[in-house]
Amino acid sequence: MSENKQSKRTYILNYIKQMQTEINECNNKICALKKEISNQKSILFDICPHEWYIDRDDCWDSICNKRCKFCQLWSNPNCN
């Protein structure tokens, strides 16, 4: 194998590793942000003076069919 091809192969492999590292960092950031959103929704659920309405756009037999008109969270905390 020529030195040029070997050099190019090494460059491409390193580039792929770099991109995979970037993807992993972004995925970790996304997971952390989702966890923070979940924590904030939990706090909001506890402090909001909820006024529930049936969300007609949702499935009629869903356990998550009531929303608060103030905080927009579902009445079932497991759905938020």
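**View 1. Asp55, a buried partner in a salt bridge**. In this predicted model, Asp55 has a relative accessible area of 13% and is therefore counted as buried, since that is under 20%. Asp55 pairs with Arg67 in a salt bridge, where the closest N and O atoms lie 3.2 Å apart. The two residues come from distant parts of the chain, twelve residues apart: Asp55 sits in the loop between β1 and β2, while Arg67 belongs to strand β2. Side chains of opposite charge can pair when their charged atoms come close.

**View 2. Lys69 meets Glu51**. How many salt bridges does the structure hold? There are two, and here is the one between Lys69 and Glu51, with 3.1 Å between the closest N and O atoms. This pair also links distant parts of the chain: Glu51 is in the loop between α1 and β1 (52-54), and Lys69 is in the segment after β2 (66-68), 18 residues apart. Are these partners buried or exposed? Lys69 is partly exposed at 45% relative accessibility, and Glu51 is partly exposed as well, at 39%.

**View 3. A nonpolar patch on the surface**. Now let us turn to another kind of feature. Five names are worth finding here: Tyr11, Ile12, Tyr15, Ile16 and Met19. Together they form a nonpolar surface patch with about 480 Å² of accessible area.

**View 4. Tyr11, an exposed member of the patch**. Where along the chain is Tyr11 found? Tyr11 lies in helix α1, which covers residues 3-47. Its relative accessible area is 55%, so Tyr11 counts as exposed, the cut-off being over 50%.

Conventions: Residues numbered from 1 in each chain as written. Predicted model: local features only at pLDDT ≥ 70, side-chain atom pairs only at ≥ 80, totals over all residues. Heavy atoms only, no water. Patch = residues over 30% accessible without salt bridge, like charges linked within 9 Å, V, L, I, M, F, W, Y side chains within 5 Å. Areas by Shrake-Rupley, 256 points an atom, 1.4 Å probe, with all protein chains shown as cover. Salt bridge = Lys/Arg side-chain N within 4 Å of Asp/Glu carboxyl O. Helix = DSSP H or I, 4+ residues; strand = E, 2+ residues; numbered from the N terminus. Buried < 20%, exposed > 50% of the residue type's maximum accessible area, 1.4 Å probe, protein only.
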